[in-house]
Amino acid sequence: MSDDPKNMALTTNLEALSLANHDFSFSLYKELAKTETGNIFYSPFSIHVIMFMASIGAASKTFDEMIATIHLNKTTHSLEAYKNLLEDLTSESDNLKLATGMFVDTAFNVKDSFVENCRKYLKSSMEKLNFKNDPEQQRKYLNDWVLSKTNNKIKDLFLKDTITRATALVLANAVHFKSAWEHKFNDAEDDSFYVTPSNKVTVKMMTLRHDLQYYHDSDLKFAALELPYEHHTFKMIILLPDAKDGLKELENNFSKINLYDISKKMTQYHVTVKLPRFKLEQSLQLEEVLSNLGSPTMFTREANFTNIVEDGDLYVSKVVHKAYVDVNEKGTEAAAATAIIVMRKHKVTNPLEPPKHIEFHADHPFVVAVVSRTYDVLFLGRLSNP
């Protein structure tokens, strides 16, 4: 890039956005881990996009809370930078697809400026649906939209009664990722996975021997491995605790962990990797999570969405998210969708140098992330039991 101040500001804002996405990803994880036992899998990227989209329509305290929750501030909350981020992520390959849509009740007039900003910067479509007359039919329509944008992976994002006659607006996005590994794994064989040090289950374990980027942190007692996808546009990062029951301690140290820093510390080793095949699907209701992370007002009668509609008589009733991942010898397919459902207010009451050859056996609970070249976290989770 040139030394044009506008370009330099954009670069800085893009870096700020990547960092915001990263920090938001891990703060979400910590919040989810408080109530979710077992496996966790979600797309922080998808949730970030939908919160950003809704924040464009928010004002005053509601806006301040929403942007702080997604780790932005008034300077880094840049439509232009967000547009560039999304273009960078989706233009480089067919591996990642993102669709964003706005679905508005036919009787409801959304400000042109909101529609235009979402279209121009987030490539959002806009459709009018008759929620008031037939909420159930529109719910099916929305579910079909999500299904079609996620290669038929995310079914029934909108459960019964999430769409009602009082629904004014639904903001939705869908993310689909599919890629082969840069280095293929051998066929999986039966092996043990320690759910706890004393309780093991039999899983299909895949093996790979290759030169890979690896780092061991002797202070925080975990190993990190990077598994590149084809063309090196995206990669999987696995954080594996040293101890079979070390996941809790690793999670407690998240504030000291940054994937970008870890990757800079990595060096190449000849690694024997053992990784279980796994397939996860998870549905999340995010109202409480987002409230706890700093955005309570958007869910109340005090919500201010005057940049969506003149009278601003709106609040968010639900934020739903669903994610899917399938990891096998050939590669990874992952998908997610997030929606914010907006209601009319008045209608509703309610380091030691390791040896050159490394064994990396992911045979006990670990953290897994799928990231872009710039470490935007597309997917994040933990595998406690495959």
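1. **β10 and β11.** Strands β10 and β11 run antiparallel, joined by eight bridges. Within this pairing, Phe278 stands opposite Val327 of β11. The model is predicted. β10 has two faces: Phe278, Leu280, Gln282 and Leu284 form the covered one. Lys279, Glu281, Ser283 and Gln285 form the uncovered one. Phe278 therefore belongs to the covered face, counting as part of the side that is shielded.2. **The sheet around them.** β10 belongs to an open sheet of six strands. The order is β3-β2-β4-β12-β11-β10, and the pairing is mixed. The edge strands are β3 (125–129) and β10 (278–285), each of which pairs on one side only. On average, and ignoring direction, neighbouring strands of this sheet are turned by 15 degrees against each other.

3. **β11 and β12.** Moving inward from β10, the pair to look at is β11 with β12. β11 covers residues 314–327 and β12 covers residues 331–344. The two pair in the antiparallel sense over 13 bridges. One position to check is Val319, whose bridge partner in β12 is Ile340.

4. **Two helices across the strands.** Helix α2 (residues 44–56) lies across β2 (96–105), β4 (167–180), β11 and β12. Its angle to β4 is about 150 degrees. Helix α6 (residues 135–149) lies across β2, β3, β4 and β12. The angle between α6 and β2 is about 165 degrees.

5. **Ala54, a contact point between α2 and β12.** Ala54 is found in helix α2. Is Ala54 buried or exposed? Its relative accessibility is 2%, so Ala54 counts as buried. Leaving aside residues up to four places away in sequence, Ala54 touches Met66, Leu171, Phe305 and Ile340. Ala54 and Ile340 are 286 residues apart along the chain, yet their C-alpha atoms are separated by 7.8 Å.

6. **The nonpolar cores.** Ile340 comes up again here. The largest nonpolar core holds 121 residues. Which of them touch the most other members? They are Leu227, Leu239, Leu275, Ile340, Phe360 and Phe366. Phe360 has a long list of contacts beyond four places in sequence, among them Tyr214, Ala223, Leu225, Ile238, Leu240, Val271 and Val273. A second, separate core has 20 residues, including Leu129, Leu142, Val320 and Ala335.

7. **α3 and the loop after it.** Helix α3 spans residues 60–69. Its buried residues are Thr62, Phe63, Glu65, Met66, Ile67 and Thr69. Note that Glu65 is on that list. Met66 is also one of the residues touched by Ala54. After α3 comes His71, with a positive phi near 60 degrees.

8. **Ile70.** Ile70 is found in the loop between α3 and α4. How much relative accessible area does Ile70 have? The value is 0%, so Ile70 is buried. Not counting residues up to four places away in sequence, its contacts are Ala20, Phe24, His48, Met51 and Phe52. The C-alpha atoms of Ile70 and Leu28 are separated by 9.7 Å, with these positions 42 residues apart along the chain counted as their spacing.

9. **Ser124.** This residue lies in the loop between α5 (112–122) and β3. Ser124 has a relative accessible area of 7%; because the cut-off for buried is under 20%, it is classed as buried. Which residues does Ser124 touch, not counting those up to four places away in sequence? They are Met53, Thr100, Gly101, Met102, Cys118 and Arg119.

10. **The β5–β6 hairpin.** A hairpin joins β5 to β6 through two residues. β5 covers residues 189–196 and β6 covers residues 199–217. They pair in the antiparallel sense over seven bridges. Within this pairing, the bridge partner of Phe193 in β6 is Val201.

11. **The largest pocket.** About 420 Å³ of space lies in the largest pocket. Its lining has 19 residues. Glu15, Ser18, Thr374, Tyr375 and Asp376 lie nearest the centre. α1 (5–35) and α4 (79–91) each supply at least two lining residues. The largest share, six residues, comes from α1.

Terms used:
Residues are numbered from 1 along each chain as its sequence is written. This is a predicted model: local features need pLDDT of at least 70, side-chain atom pairs count only at pLDDT 80 or more; totals for chains, interfaces and linings use all residues. Side-chain values use heavy atoms; hydrogens and water are left out. Two strands pair if DSSP finds at least two bridges between them. Helices (H or I, at least four residues) and strands (E, at least two) are DSSP runs, numbered from the N terminus. Axes are lines fitted to C-alpha atoms, for helices over the stretch in contact, and angles run from 0 to 180 degrees between N-to-C directions. Contact means heavy atoms within 4.5 Å. Buried means under 20% relative accessible area, exposed over 50%, partly exposed in between (1.4 Å probe, protein chains only). A nonpolar core is a set of buried Ala, Val, Leu, Ile, Met, Phe, Trp, Tyr and Cys residues joined through side-chain atoms within 4.5 Å. On a 1 Å grid over the protein atoms alone, a cavity is a set of points where a 1.4 Å probe fits but cannot get out, and a pocket is an open set with protein on both sides within 12 Å along at least five of seven lines; lining residues have an atom within 4 Å of a point. Grid points are joined across faces, edges and corners, and a volume is the space filled by probe spheres set on the points.
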